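I opened this entry to look up how aromatic rings sit against one another, and I note my findings in the order in which I came to them.

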Amino acid sequence: MSNASSPQYPVPVVRLIVNDVDGRVLILRRQDAVHAGGSWNLPGGKVEYGEVVEESVAKELKEETAFSCRSAKFLFYQDSPPDKDGDMHCINFYFECIVDG
């Protein structure tokens, strides 16, 4: 039986790779949340209805880091089917971002 709160279709998600001048990658610790609270992740989030993926890249980067996206390059996607019934199925779109801020 599926969880009524989880969508019954894959959810598009953007994942953002932001490097500094020394080649380090920015990761963020998630606040206690329904999904993966306390874990370390790349910045990113769900693509909202009516939003194109590139808009989500800029929006999520600004919301989560206060950086502005100067440019974004699509790298690859990853299909993350649910581990168990009721979990969310995500399609992750990975972008390398050049930022200001």
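I began with the aromatic cluster, and I noted that Phe74, Phe93 and Phe95 form one such cluster. I keep in mind throughout that this is a predicted model.

I then searched the whole structure for aromatic pairs, and the search returned 3 of them. One of these joins phenylalanine 74 and phenylalanine 95 in an edge-to-face arrangement, with 5.5 Å from centre to centre and 70° between the planes. Because phenylalanine 74 belongs to strand β5 (residues 68–80) and phenylalanine 95 to strand β6 (residues 90–100), this pair ties together parts that are 21 residues apart in sequence.

Next I looked up whether these two residues are buried or exposed. Phenylalanine 74 is partly exposed, at a relative accessible area of 42%, whereas phenylalanine 95 is buried, at 4%.

I turned after that to phenylalanine 76 and tyrosine 94, which form a stacked aromatic pair, with 4.5 Å from centre to centre and 15° between the planes. Here too the pair links distant parts of the chain, since phenylalanine 76 is in strand β5 and tyrosine 94 is in strand β6, 18 residues apart.

I closed with the accessibility of this second pair. For phenylalanine 76 I noted a relative accessible area of 39%, which makes the residue partly exposed, and for tyrosine 94 a relative accessibility of 13%, which counts as buried; the cut-off for buried is under 20%.

Methods:
Residues numbered from 1 in each chain as written. Predicted model: local features only at pLDDT ≥ 70, side-chain atom pairs only at ≥ 80, totals over all residues. Heavy atoms only, no water. Phe/Tyr/Trp six-rings, centres within 6.5 Å; stacked < 30°, edge-to-face > 60°. Helix = DSSP H or I, 4+ residues; strand = E, 2+ residues; numbered from the N terminus. Buried < 20%, exposed > 50% of the residue type's maximum accessible area, 1.4 Å probe, protein only.
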